[in-house]
Amino acid sequence: MASVSSSLSLCFLSPHAQARSNKPPRKQLSLKKPKSISPSPPQPLSFVSGGQATTYTRLPPRDDDLLFLSESATEIKLSDLVIPTHKPKKPTFATEDKIEDDEKGVPAVMRCFDRAKIYVRSGDGGNGVVAFRREKFVPLGGPSGGDGGRGGNVYLEVDGSMNSLLPFRNSIHFRAERGSHGQGSKMNGAKGEDVVVKVPPGTVVRAAGKDGVPGDVLLELLHRGDRALLLPGGRGGRGNASFKSGANKVPRIAEDGEEGPEMWLELELKLVADIGIVGAPNAGKSTFLSVISAAQPNIANYPFTTLLPNLGVVSFDYDASIVVADLPGLLEGAHRGFGLGHEFLRHTERCSALVHIVDGSSQQPEYEYDAVRLELEMFSPEIAEKPFIVAYNKMDLPEAYEKWKSFQENLRSRGIEPFCISAINRDGTRELITAAYELVRQRIEDAKDESWREPAHFSHVAEMVKKQRTAPINDFEISHDTTSNTWHIEGAGLQRFVQMTNWKYMDSDRRFQHVLEACGVNKSLIKQGVKEGDTVIIGEMEMVWHDSPTNSGPNRKLSTGSVKWADWK
Ligand SMILES: Nc1nc2c(ncn2[C@@H]2O[C@H](COP(=O)(O)OP(=O)(O)OP(=O)(O)O)[C@@H](O)[C@H]2O)c(=O)[nH]1
Ligand SMILES: [Mg+2]
């Protein structure tokens with residue numbers, strides 16, 4: 001028997017490790033800034049070091065993070081790193097009952113940081129009631145049963161104070177309240193309370209996927225204040241006062257409230273940053289962020305100090321400010337799941353420009369540069385095509401200083417003009433961030449010239465639900481299972497009608513038969529050869545077809561005298 005589903009449940013088809021004590025040498029070399037490498041700073045810009053900052057909730061470095069570091073080694077070499085392998089990732093969700101094997105080693109806080117799976121359900125409508133006016137001196141008071149209240153809606157709203165999806169670790173079910181039932185004296189039920197699910201800016205909302213295939217993107221909530229009506233609550237059932245007509249002045253019928261739709265959603269956070277800082281582990285990315293903004297990321301002399309992205313706001317004068325994201329370090333083979341940085345690269349998808357920090361003290365800075373570029377390209381050609389600036393860091397260290405010239409020449413031969421900085425001494429950092437800001441500004445100006453884009457349309461999911469609800473009752477399909485002599489009638493309008501029918505009232509059965517007759521179900525069944533005793537299933541209802549020998553032809557009808565609920569498959 002084919003499975004029978006509720007008419008209103010939504011289905012969208014559709015280390016090289018330097019010892020910690022190995023501090024940078026005291027001997028400080030003055031940083032030479034060749035004219036050619038300092039970009040000519042854009043005219044009126046002045047950089048105000050340390051703007052406001054938002055720093056992500058993040059894990060402190062743990063000793064386990066160092067387990068894979070070779071203690072005897074003194075230099076980071078990308079290829080030498082022994083990093084726990086994460087198999088090519090499938091989008092997995094911490095809220096899933098079963099956590100994938102390859103995710104087991106990843107602390108929960110990281111699994112939940114930028115992905116979550118939640119369940120939302122709007123409120124059912126309240127039931128209508130059958131009641132009659134009983135008053136002294138009013139002998140025939142008439143029907144007075146009120147309608148049920150509408151169920152609460154589900155909204156998604158951007159909360160600017162949130163910066164991760166971590167709150168969804170604890171609560172994943174969001175149900176709006178059901179509408180109150182109607183009462184006598186024509187009192188309608190109250191509307192159910194709405195539920196507002198708060199998400200951080202930059203959240204992409206998808207319908208939950210199946211078998212590892214991500215679902216359709218429903219919404220992109222990018223900015224503070226963005227609010228979307230996702231699931232409208234169910235309609236309240238009508239009370240008998242609403243059924244009064246000239247033909248039936250004493251209706252003994254009321255409807256049940258309409259069920260609120262439900263669905264599982266997958267949330268994905270993509271940081272809304274203007275600039276992304278990328279580079280190999282330990283290159284000095286977090287140090288750079290800490291000197292250009294007020295962000296206070298953890299900085300330490302071992303790879304993968306940064307486990308989750310950090311955000312900093314860099315302020316320039318005349319009200320200009322940009323958001324800079326410091327990402328976990330990238331390793332050679334990251335696209336195959338080595339290290340952590342790859343997990344977070346998608347956060348650069350929305351950046352206007354990248355700052356690529358190269359550790360000048362590494363054995364082969366050019367090789368490190370190439371390896372990280374390659375990883376970016378492997379991850380996404382779109383990200384690799386973003387404008388970027390290369391910054392050669394740790395110029396205060398003699399070994400970095402020595403290799404600078406050859407690095408500069410190597411990159412120049414490819415048409416790239418690298419910067420040299422000492423993040424720790426704040427040398428060259430101002431020029432670097434100013435140049436990065438110029439790239440962002442340029443990008444914004446280019447975007448202005450691009451054709452106008454339609455503003456985000458936030459109510460299309462709710463409209464889809466409404467459309468499904470208003471499906472005409474005579475739009476149905478009949479299928480026949482010959483082995484069990486069962487007829488399945490599928491049609492959103494008809495199924496909704498069945499769901500809202502309250503069988504305990506006397507007139508419900510009559511109205512039901514009348515509707516089946518009027519919308520052509522009986523006629524179509526007879527045409528297709530329905531026989532005495534056959535089972536007919538509409539929505540959750542299972543009925544038996546009776547041919548009355550005395551009433552042949554169109555008078556033959558479905559018996560609801562033996563109503564029983566269909567089994568859920
Ligand atoms: N001598 C010197 N050391 C630096 C400089 N910048 C960063 N460091 C040091 O390099 C080490 C790594 O710095 P981080 O800023 O944590 O590097 P990161 O790129 O964020 O590292 P991960 O987050 O692990 O990928 C720290 O010990 C810093 O003090 C610099 O300009 N000169
Ligand atoms: Mg870091």
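**View 1. Gly233, a buried glycine in a loop.** Gly233 has 30 C-beta neighbours inside 10 Å, so it counts as buried. This is a predicted model. Gly233 sits in the loop that links E8 and E9. Which residues touch Gly233, leaving out those up to four places away in sequence? Several are glycines: Gly123, Gly125, Gly151, Gly152, Gly179, Gly192 and Gly260. The others are Ser122, Arg150, Asn153 and Ala176. Arg150 is 83 residues from Gly233 in sequence. In space, the two C-alpha atoms are 6.3 Å apart.

**View 2. The open sheet E5-E3-E8.** Three strands make up this sheet, in the order E5-E3-E8. The sheet is open, and its pairing is mixed. Strand E5 (195–199) and strand E8 (227–231) are the edge strands, and each pairs on one side only. From one strand to the next, the twist averages 25 degrees. Strand E3 covers residues 154–158 and pairs with E5 in the parallel sense, over 5 bridges. Which residue of E5 is the bridge partner of Leu156? The partner is Val197.

**View 3. Strand E6, with E7 and E9.** In a regular strand, side chains alternate between the two faces of the sheet. Strand E6 (residues 203–207) shows such alternation. Which of its side chains are buried? Thr203, Val205 and Ala207 point to one face and are buried. Val204 and Arg206 point to the other face and are not buried. E6 runs antiparallel to strand E7 (residues 217–221), and 4 bridges join them. Here Val204 has Glu220 of E7 as its bridge partner. E6 also pairs with strand E9 (residues 262–269), in the antiparallel sense, over 5 bridges. In that pairing, Thr203 stands opposite Leu269.

**View 4. Strand E2, with E9 and E4.** Strand E2 (residues 115–121) has 6 of its 7 residues buried, so the rest of the structure largely encloses it. E2 and E9 run antiparallel and are joined by 7 bridges. Lys117 has Glu266 in E9 as its bridge partner. E2 and E4 run parallel, with 3 bridges between them. Which residue of E4 stands opposite Tyr119? His173 does.

**View 5. The largest nonpolar core.** This core has 81 residues. Those with the most contacts inside it are Ile275, Ile277, Val324 and Ala391. Why does the core lie between two domains? Domain 1 (47–65 + 271–449) and domain 2 (115–269) both give residues to it, so it lies between them. Leaving out residues up to four places away in sequence, Ile277 touches Lys285, Phe288, Leu289, Val324, Ala325, Asp326, Leu327, Val355 and Ile357. Another core, of 18 residues, lies apart from the largest one. Among its members are Ile489, Val536, Ile538 and Met541.

**View 6. Helix H9 and its surroundings.** Helix H9 (residues 492–500) has 7 of its 9 residues buried, so it is largely enclosed by the rest of the structure. Leu494, Gln495, Arg496, Phe497, Val498, Gln499 and Met500 are the buried residues. What do these buried residues pack against? The helices are H8 (460–469) and H10 (506–518). The strands are E17 (486–490), E18 (535–538) and E19 (541–546).

**View 7. Positive phi at Lys186 and Asn282.** Lys186 is not a glycine, yet its phi is positive, at about 55 degrees. Lys186 belongs to the loop between strand E4 (173–175) and E5. Is Lys186 buried or partly exposed? With 18 other C-beta atoms within 10 Å, Lys186 is partly exposed; a buried residue would need 20 or more. Asn282 also has a positive phi, near 70 degrees, and is a residue other than glycine. The place of Asn282 is the loop between strand E10 (275–279) and helix H2 (285–292). Asn282 has 26 C-beta neighbours inside 10 Å, so it counts as buried.

**View 8. The whole chain, for context.** The chain has 569 residues, and 43% of them are buried. Its secondary structure comes to 11 helices and 20 strands.

Conventions:
Residues are numbered from 1 along each chain as its sequence is written. Chains are lettered from A and ligands numbered from 1 in the order in which they are written. This is a predicted model: local features need pLDDT of at least 70, side-chain atom pairs count only at pLDDT 80 or more; totals for chains, interfaces and linings use all residues. Two strands pair if DSSP finds at least two bridges between them. Helices (H or I, at least four residues) and strands (E, at least two) are DSSP runs, numbered from the N terminus. Axes are lines fitted to C-alpha atoms, for helices over the stretch in contact, and angles run from 0 to 180 degrees between N-to-C directions. A residue is buried if 20 or more other C-beta atoms lie within 10 Å of its own, exposed if 12 or fewer, and partly exposed in between; C-beta atoms are placed from the backbone. A nonpolar core is a set of buried Ala, Val, Leu, Ile, Met, Phe, Trp, Tyr and Cys residues joined through C-beta atoms within 7 Å. Domain bounds come from an automatic or database domain assignment. Two residues are in contact if their C-beta atoms, placed from the backbone, lie within 7 Å.
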